[in-house]
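Welcome! Work through the exercises below with the model open beside you, and try each task before reading its solution.

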Amino acid sequence: MPEQHPLVEAIGPLIERLNAELVAPDEAHEDDIPLLWKGKPVVAVRLTPKPVDGVQGLLAEVAGELGGPLSELSRTDKQQAVLLLEARGAFEYRKSAEIVAEALGVTRFTVYNYLNRAR
């Protein structure tokens with residue numbers, strides 16, 4: 001795999017953030033995503049699903065990223081946590097706003113305010 005290719009260098013941080021891996025085009029599986037450069041495959045992206053246990057799993061993930069228990073974060077970091085959780089689909093779960101609010105040590109109303117402020 002051409003690790004020095006400009007495309008590979010450019011997407012490196014994204015691949016790391018997605019917890020994905022790069023594979024050579026000839027080793028790509030059917031569900032891998034080929035990336036083309038001037039019409040020719042350079043590399044393929046293999047997404048590796050992260051096992052997450054619903055809202056609680058997402059809360060743990062975000063707490064780890066932000067460096068500690070969510071209830072102990074600053075107001076700004078709590079707002080960031082809500083945005084991260086929204087981006088990961090946490091609010092698609094039933095009663096998620098209540099669960100997130102409890103984890104953050106705020107009210108459900110505050111969680112909705114953080115969401116609305118971001119929009």
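**Exercise 1. Find how the radius of gyration of the protein relates to that of a compact globule of 119 residues.**

Step 1: take the radius over C-alpha atoms, and for the globule use the rule of 2.2 Å times the number of residues to the power 0.38. Step 2: the rule puts a compact globule of 119 residues near 14 Å, but the protein has 18 Å. Step 3: look at the spans along the principal axes, where the C-alpha trace covers about 50 × 25 × 25 Å.

Before you go on, note that this is a predicted model, in which local features need pLDDT of at least 70, side-chain atom pairs count only at pLDDT 80 or more, and totals for chains, interfaces and linings use all residues. Residues are numbered from 1 along each chain as its sequence is written, and side-chain values use heavy atoms, leaving out hydrogens and water.

**Exercise 2. List the elements of the protein in order from the N terminus.**

Step 1: mark the DSSP runs, with helices (H or I) of at least four residues and strands (E) of at least two, numbered from the N terminus. Step 2: you should have five helices and three strands. Step 3: read them off as α-β-β-β-α-α-α-α.

**Exercise 3. Describe the largest nonpolar core and say which helices supply it.**

Step 1: a nonpolar core is a set of buried Ala, Val, Leu, Ile, Met, Phe, Trp, Tyr and Cys residues joined through side-chain atoms within 4.5 Å. Here buried means under 20% relative accessible area, exposed over 50%, and partly exposed in between, using a 1.4 Å probe and protein chains only. Step 2: the largest core holds 18 residues, and Leu70, Leu85, Val100 and Leu104 have the most contacts inside it. Step 3: at least two of its residues come from each of helix 2 (54-66), helix 3, helix 4 (96-104) and helix 5 (108-118). Helix 2 gives the most, with five residues. Step 4: there is also a second, separate core of nine residues, with Val8, Ile11, Ile15 and Val45 among them.

**Exercise 4. Is leucine 70 buried or exposed, and which residues does it touch?**

Step 1: place leucine 70 in the loop between helix 2 and helix 3. Step 2: its relative accessible area is 5%, so leucine 70 is buried. Step 3: collect its contacts (heavy atoms within 4.5 Å). Not counting residues up to four places away in sequence, leucine 70 touches Leu59, Val62, Ala63, Lys78, Ala81, Ala103 and Leu104.

**Exercise 5. Is glutamine 79 buried or exposed?**

Step 1: find glutamine 79 in helix 3 (residues 75-87). Step 2: its relative accessibility is 17%, so glutamine 79 counts as buried. Step 3: beyond residues up to four places away in sequence, glutamine 79 touches Tyr114 and Arg117.

**Exercise 6. What is the phi of lysine 38, and what is the phi of lysine 95?**

Step 1: recall that most residues other than glycine have a negative phi. Step 2: lysine 38 has a positive phi of about 55°, and lysine 95 has a positive phi of about 60°. Step 3: locate lysine 38 in the loop between strand 2 (33-37) and strand 3 (40-47), and lysine 95 in the loop between helix 3 and helix 4. Step 4: check the surface. Lysine 38 counts as exposed because its relative accessibility is 79%, and lysine 95 counts as exposed because its value is 52%.
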